[in-house]
Amino acid sequence: MSAENGTPDHPAGSSGTPVGPRPEPIRFFGTTWVDHDNGYPARRIGVSVGSLAAAAAACLVLRIAYQGLRIAEVGGFVTLLVVVMFTVCSALAFGHTWEAFKRRPDPDRLRSLRGLLTIGFVGSLLAYFFRSLAEAPGERLHREEYETARTQYENRTSRRSGNPRKRRRP
């Protein structure tokens with residue numbers, strides 16, 4: 001099995017399937033990111049528009065929640081506290097999501113940040129939007145891992161060719 005993406009080196013069944021590590025699918029893109037085929041540009045446009053629309057809808061929901069606080073007359077301090085909380089959490093979620101596209105996040109850290117990322121969902125949506133303008137979100141990370149797995153596989157399979165008894169001794 002490939003250490004990077006957990007795919008078997010030898011496929012079960014058909015002999016027409018390429019042998020070796022297979023690319024890991026990315027959400028909304030599958031494996032089209034490898035060769036940029038099967039509607040990859042359209043998917044990138046769709047993901048960009050969709051994430052921006054979701055961020056706009058989320059901001060509308062937050063605006064309605066803010067108006068609810070104003071109607072309830074909870075006071076300036078509580079209103080300011082809520083606005084600052086969503087702003088800071090969104091900024092932190094943006095940064096964390098952006099970094100997750102470059103390297104795999106630590107699962108323990110991700111578990112501890114789950115609440116913050118949930119509150120700052122607008123930042124995560126915006127990070128997804130900005131990254132999808134350049135590539136499929138996470139494509140660079142997946143491509144590096146896939147290329148490394150392919151190189152390691154090629155090195156493993158090319159090393160052991162031929163009969164070692166027939167080698168010339170220096």
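**Alanine 58 and two positive phi values**

Alanine 58 sits in helix 1. Before I go further: this is a predicted model. The chain has an average pLDDT of 86, and 82% of its residues score at least 70. Helix 5, residues 121–134, is where confidence is highest, at 95. The lowest is in helix 6, residues 139–159, with a mean of 87.

Back to alanine 58. Is this residue buried or exposed? Its relative accessibility is 8%, so it counts as buried, the cut-off being under 20%. Which residues does alanine 58 touch, leaving aside those up to four places away in sequence? They are Phe121, Val122 and Leu125. For one of these, valine 122, there is also a backbone distance: its C-alpha atom is 6.5 Å from that of alanine 58, although the two residues are 64 apart along the chain.

Next, the backbone angles. Two residues that are not glycine have a positive phi, and I will take them in turn.

Histidine 36 has a phi of about 55 degrees. This histidine belongs to the segment before helix 1, which covers 40–72. Histidine 36 counts as partly exposed because its relative accessibility is 40%, which falls between the limits of 20% and 50%.

Glutamate 73 has a phi near 50 degrees. Where does glutamate 73 lie? It is in the loop between helix 1 and helix 2, the latter being 76–100. With a relative accessible area of 70%, glutamate 73 is exposed, since the threshold is over 50%.

To recap: alanine 58 is buried, histidine 36 is partly exposed, and glutamate 73 is exposed.

Conventions
Residues are numbered from 1 along each chain as its sequence is written. This is a predicted model: local features need pLDDT of at least 70, side-chain atom pairs count only at pLDDT 80 or more; totals for chains, interfaces and linings use all residues. Side-chain values use heavy atoms; hydrogens and water are left out. pLDDT is the predictor's confidence in each residue, from 0 to 100. Helices (H or I, at least four residues) and strands (E, at least two) are DSSP runs, numbered from the N terminus. Buried means under 20% relative accessible area, exposed over 50%, partly exposed in between (1.4 Å probe, protein chains only). Contact means heavy atoms within 4.5 Å.
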